[in-house]
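Welcome! Take a moment to look over the sequence and turn the 3D structure around before you read on.

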Amino acid sequence: MKKWFQKTIIIAVALLTFGLISPNHFIWEQLLDNKTPTKSISSDANTTEFQKVSLIDTLDPVESISMAAREQSYIKFGNRIGPVIQNEFDDVIFPRIQEAIDATVAKVEGDQASNLSITEQPSGEYHEKIFHIYNETTKEDLIRFHVRTDKKPQDGFYFNFHYHIAEDKYAKHYALGEIFWSKNTPPKWLS
């Protein structure tokens with residue numbers, strides 16, 4: 001068949017079937033290729049079974065919470081804030097977050113440390129929540145990590161990182177540090 005005729009048939013079939021048979025469908029590969037088909041839908045030979053291995057389960061609770069804490073922090077920062085404050089966050093703020101996590105986990109009884117988990121939905125807009133570490137069995141927060149946008153007159157906007165602990169019913173702010181943004185209003189979180 002001529003090439004233009006083949007292309008016309010392919011387009012006509014795609015239009016008539018409302019896209020159910022697309023131009024890169026298996027039918028066209030066999031129709032247009034006179035040789036043996038290069039792709040197959042399924043292959044019984046060479047099937048390989050994979051075993052699911054969780055890296056988090058092999059780590060100790062502090063390491064897995066620490067990894068999740070860094071991930072949740074960068075999710076909170078989004079694509080607009082994250083790249084700007086990344087270096088200062090990694091050098092100054094995150095080591096302090098790690099110290100607070102270590103101190104909190106050290107206070108938990110040995111077998112209860114494996115029941116600790118981290119929340120996975122940081123708040124957006126202008127809300128403070130980055131993540132909370134809680135006991136999975138009791139569903140009670142042990143420590144809450146937050147970031148607040150502060151505007152200092154004549155100075156500009158700062159991100160104030162702090163945490164709250166359950167021991168004082170989350171009343172006191174424990175400062176982790178501040179990162180200067182600029183004199184311009186920062187974007188919303190998660191943006």
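The notes below go from the whole protein to its strands, its charged pairs and one chosen residue.

Keep in mind that this is a predicted model. The protein has four helices and five strands. Starting at the N terminus, the order of these elements is α-α-α-α-β-β-β-β-β.

**The protein as a whole**

- The protein has 191 residues, and buried residues make up 35% of them.
- About 13000 Å² of the protein is exposed, and carbon and sulfur atoms supply 54% of that area.
- Some contacts link parts of the chain that are distant in sequence: of the contacts with a separation of 6 or more, 46% are between residues 24 or more positions apart.

**A helix with a bend**

- Try finding helix H4, which covers residues 61-107.
- If a helix of 47 residues were straight, it would span 69 Å at 1.5 Å a residue, but the end C-alpha atoms of H4 are only 13 Å apart.
- Where does H4 bend by about 115°? Look for Gly78, where this bend is found.

**How the strands pair**

- Strand S2 (residues 129-135) runs antiparallel to S3, and five bridges join the two.
- Within this pair, Ile133 sits opposite Ile143 of S3.
- S2 and S3 make a hairpin with five residues between them, and Lys139 in its turn has a positive phi of about 60°.
- How many bridges join S3 to strand S4 (residues 156-165)? There are 10, and these two strands run antiparallel.
- Two partners in S4 are good places to look: Asn160 is the bridge partner of Arg148, and His164 stands opposite Arg144.
- S3 and S4 also form a hairpin, this time with three residues between them. In that turn, Gln154 has a positive phi of about 65°.
- S4 is joined to S5 as well, through six bridges, and the two run antiparallel. Here Phe161 faces Gly177 in S5.
- Is S4 largely enclosed or left open by the rest of the structure? It is largely enclosed, because 10 of the 10 residues of S4 are buried.

**Charged pairs**

- Here is a general idea to start with: side chains of opposite charge can pair when their charged atoms come close.
- This structure holds five salt bridges, and three of them are described here.
- Asp141 pairs with Arg144, with 2.9 Å between the closest N and O atoms. Asp141 is buried at 16% relative accessible area, whereas Arg144 is partly exposed at 24%.
- Asp150 and Arg148 form another salt bridge, with an N to O distance of 2.8 Å. Asp150 is buried, with 17% relative accessibility, while Arg148 is partly exposed, with 26%.
- Why do Asp141 and Asp150 count as buried? Buried means under 20% relative accessible area, and the values are 16% for Asp141 and 17% for Asp150.
- Lys152 forms a salt bridge with Glu178, and their closest N and O atoms are 2.8 Å apart. Lys152 belongs to strand S3 (residues 141-152) and Glu178 to strand S5 (residues 174-180), so this pair ties together parts that are 26 residues apart in sequence.
- Lys152 is partly exposed, with a relative accessible area of 30%. Glu178 is partly exposed too, with 32%.

**A closer look at Ile118**

- Ile118 is found in strand S1, which covers residues 116-118.
- Is Ile118 buried or exposed? Ile118 counts as buried, since its relative accessibility is 8%.
- Which residues is Ile118 in contact with, leaving aside its neighbours within four places in sequence? They are Ile65, Ala68, Ala69, Phe131, His132, Ile133 and Tyr134.
- Two of these contacts lead back to elements described above: Ile65 falls within residues 61-107 of H4, and Ile133 falls within residues 129-135 of S2.
- Ile118 and Arg144 are 26 residues apart along the chain, and 9.7 Å separates their C-alpha atoms.

Key
Residues are numbered from 1 along each chain as its sequence is written. This is a predicted model: local features need pLDDT of at least 70, side-chain atom pairs count only at pLDDT 80 or more; totals for chains, interfaces and linings use all residues. Side-chain values use heavy atoms; hydrogens and water are left out. A salt bridge is a side-chain nitrogen of Lys or Arg within 4 Å of a carboxyl oxygen of Asp or Glu. Buried means under 20% relative accessible area, exposed over 50%, partly exposed in between (1.4 Å probe, protein chains only). Two strands pair if DSSP finds at least two bridges between them. The expected span of a helix is 1.5 Å times one less than its number of residues. The bend at a residue is the angle between axes fitted to the seven residues ending there and the seven starting there. Contact means heavy atoms within 4.5 Å. Accessible areas come from the Shrake-Rupley method with a 1.4 Å probe; for residues, only the protein chains shown count as cover.
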